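Trainee: I've got a model to go through and I'd like to know what backs up each label. Can you take me through it?

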Amino acid sequence: MITIDKVTVGYGTAGFIKAVDGVSLSIGDNEIVGIAGETGSGKSTLMRAVYGDFSTGLRIKDGTITGRFVDQKNGQVIEAPSSRFHRLWWDQMSYIPQGSMSVLNPLMKIEAQVVDGLPKRERGGSRADLRRRIADFLAGFGLEETVLDAYPHQLSGGMRQRVLVAIAAFVNPRLILADEPTTALDVVVQKKILLMMVEIQRRLRNTLVLVSHDLGVHYQITDRLVIMYKGQIVETGPTAEIFANPQHDYTRNLIAALPRLHGKRSVDRVGEAP
Amino acid sequence: MHLLRFIVGRLVVYALVIVFALTVLFFVPRLGPTDPVEAMLAKVSSQGAYMDAAQVDALRRSLADTFGLNGSLLEQYWAFIKRIVFTGDFGPSLSMYPTPVMELIWNALPWTFGLLLTSTLIAWVLGNFVGLLSGWRPNANSSRIMEGIAICLYPIPYYILALVLSILFSYVWRIFPLTTTIRGAPWSWELVSSIVWNSFLPAMSIVIVVFGWWVISVKAQTSALKEEEFARYARLKGLGDGRILTRYILPNALLPQITFLALQIGLMFNGSLITEILFDYPGLGLLIYTAVLQGDFNLLMGTISLSVIAVATATMIIDLIYPLLDPRIRHR
C-alpha cells in the first residue's frame, strides 16, 4: 500500500534539518503497523511525510514515498507520490490526532465535525439518515446520540479521543494514520480505545499505522513494529518477535524500561537523546 | 431557570453600575469648593444688576431650588436619584434656559448615533475582512500592502487626520462642506442627500483611523488561529481553504472582535467630541463642548450620565448575547 524508499525528510527551506535519515519501509494491506521511538526519533515526521502533510517547511530531500490505493467504488487503482496524497485525504486515508482540548473546533457541534470533510460516497441519503448512521456508528464506541449535539468542551478527554477515532473511521478509509492517539489518557480508557481501533481495522480490513512512544501500546495491538532511533529504523519485525527477542541495544533498553510486576526495571540506556 | 437567574443577575449588576456612577457624579462636584448658587449670584452682580439683601436672599433660595440644592446632602442625593431614575429628568439647561436638558440630548442623539454607529460598523466590517485575508495569506503582496496601509494609518492621532481631511477636501479642493448645514424638508430626498453629503467627511475620518486598528488586531487573531490544532486538523481532513476560513477561523476570530465592537460603540459618545467640534456636527459631542464652555452644569450632568449609561448598556448587551455566540460559556 505504501512504499517508503530510502527517504530523507527534514525541515527548513534555506537550511535543512534532517529528522528522518534514509529510511525504507513497506506498509501492506490489512495490517497494524506500529512506529515506536523516543521524542525526536523522527517517528512523527515520518508519519507526516507518509500522510503527505508538507506544511511548516517539511520536505522530502531524498528518496520517495509512494502509495497504491484501490478505489472501493469503481475499483480504479490510484498510484501517487505522497506529495499528492492530499487529494486522498478523508477519502482513501484519514488521520487520528492526539485528542487535546483544541483539536476540535470549539464552536462547532460534534455532528457537524463528523460530517465536515466526509467523501461523497459516505454522504448519501438525507441529512436525518446520515445523522442516524453517525449515531449508530458512535454507539459502537459507547457514545450516546446526545454527543452529536454537544460541543467539544462538554466532552471528557476519553470521549473526545473516541470521537476522533470515530471521525477517522466513519470515512471508511483504506489507511488510517494515528499519531499518539492515547497518550494523554489514563490506561483504562487507553485500553478501551486501542481495542476499538483494532476492532475497526479487523472489520474494514484496512491498514492502521500507529505512532506512539509507549511500547505497552504497541504490544497490545500492533502486528508489526518499527523501532526508530535518531531518524533511522534500527529494528523492524513482527511485534511478538521483537518483544521476545530484541536484536538492537536500543530496543532492548526500551523494553527493559517498561514497568514490570516483579523485579526492578533497567535504567541504563544507549547513547544520548537525539 | 438557570438562564433566568443569569439574566436577572446581570440586570441587577447593570442597575447597580448606573446608580454607582450617578452617585459619583452627584458627590464629586459637591465635594469641591465652588458653590454654583454663589457663582451664579456673583455672575449676576458682576453684570451690574443692583439687588438689596432681601432680593439676593430670594434669588439664592430660588436658585438653590432650581439647582436642587435644598435640604441636607442626603435629601438632595435621594431627590437627585429619584428624579433621574424615575423621570429621566436632568432639569433645565442653564445656558439655553429654559429648554430641558433631555430635549437637547434627544435632539443631538440621532446625529451622533447615526454618524458614529455607521462609521464604526463600516470600519469594523472592512477591517475584519481585510485583517482576516491578510492574516490567512501573510506573504501575499496584497496582504503586505494592506498591512502597510493599516500600520501607517493606525498611529496617526485622530485630530491630525481629521484636520488634514478637512483642510484637503473642504478648503483646498472644496469638495465637501467645511461646516455642517443640513437643508431640506423632513423626510425629503434633499434632506437625506444633504445629511449624507455633510456626514461623509467626518465619517471617513473615523473609518480610516479605526480601520487600521481592526486590521492589525484581526490579522494577529487570524495568524494565531491558523496555527491552532483544530485548523491543522481541518486542513488534514482535506477541507478547502474557503471552508476552513469561514467555518473554523472566522467564527473563532470574531468572538473577541464582537466584544471590542460593543465596547467601542459604548465609548463612541466620548469619541464624538473631537469629530463634532472639528466638523461642526450637531451631535452630542458638540453639546458636551458647549456645556463645558458655558458652565452648563445640568447639561454636563445629563450628557455624562448618558455616556455612562451607554457604556454600561453596551457591555450588558454583550454579556447577554455572548453565550449565544460562544457555547463554552453557555453552561456554567
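Mentor: Sure. Chain A has nine helices and ten strands, where helices (H or I, at least four residues) and strands (E, at least two) are DSSP runs, numbered from the N terminus. This is a predicted model, so local features need pLDDT of at least 70 and side-chain atom pairs count only at pLDDT 80 or more, while totals for chains, interfaces and linings use all residues. Residues are numbered from 1 along each chain as its sequence is written, and chains are lettered from A and ligands numbered from 1 in the order in which they are written.

Trainee: What makes chain A as compact as a globular protein of its length?

Mentor: The globule rule is 2.2 Å times the number of residues to the power 0.38, and the radius of gyration is taken over C-alpha atoms. For 274 residues the rule gives 19 Å, and chain A comes out at 19 Å, so the label fits. Along its principal axes, the C-alpha trace of chain A spans about 55 × 45 × 35 Å.

Trainee: How do you know that β1 and β2 of chain A pair?

Mentor: Two strands pair if DSSP finds at least two bridges between them. Strand β1 (residues 2–11) and strand β2 (residues 17–27) of chain A have seven, in the antiparallel sense, so they pass. A:V9 stands opposite A:V20 in β2(A), and A:V7 is opposite A:V23. The two strands form a hairpin with five residues between them, and A:G12 in the turn has a positive phi of about 105°.

Trainee: Why are β2 and β5 of chain A said to stand at the edges?

Mentor: Their open sheet has four strands in the order β2-β1-β4-β5 (chain A), with antiparallel pairing. β2 and β5 (77–81) of chain A each have a single partner strand, so one side of each lacks a neighbour in the sheet. Neighbouring strands here are turned by 15° against each other on average, direction ignored; axes are lines fitted to C-alpha atoms, for helices over the stretch in contact, and angles run from 0 to 180 degrees between N-to-C directions. Helix α1 (residues 43–51) of chain A lies across β1, β2 and β4 (58–70), at about 55° to β4(A).

Trainee: What makes the pairing mixed in the open sheet of six strands?

Mentor: I can give you the order, β6-β7-β8-β3-β9-β10 (chain A), with mixed pairing, and one parallel example: five bridges join β7 (residues 175–179) to β8 (residues 207–211) of chain A. There, A:L175 stands opposite A:T207. The edge strands are β6 (93–96) and β10 (232–238) of chain A, each pairing on one side only.

Trainee: How do you know that helix α7 of chain B has the span it should?

Mentor: The expected span is 1.5 Å times one less than the number of residues. For the 15 residues of helix α7 (residues 158–172) of chain B that gives 21 Å, and the end C-alpha atoms are 20 Å apart, so the two agree. Just after α7(B), B:R174 takes a positive phi of about 50°.

Trainee: Which residues count as touching between chains A and B?

Mentor: Residues are in contact if their C-beta atoms, placed from the backbone, lie within 7 Å. That takes 17 residues from chain A and 13 residues from chain B. Chain A's side divides into nine nonpolar, six polar and two charged; Ala, Val, Leu, Ile, Met, Phe, Trp, Tyr, Cys and Pro count as nonpolar, Asp, Glu, Lys and Arg as charged, and the others, Gly among them, as polar.

Definitions and conventions:
Two residues are in contact if their C-beta atoms, placed from the backbone, lie within 7 Å.
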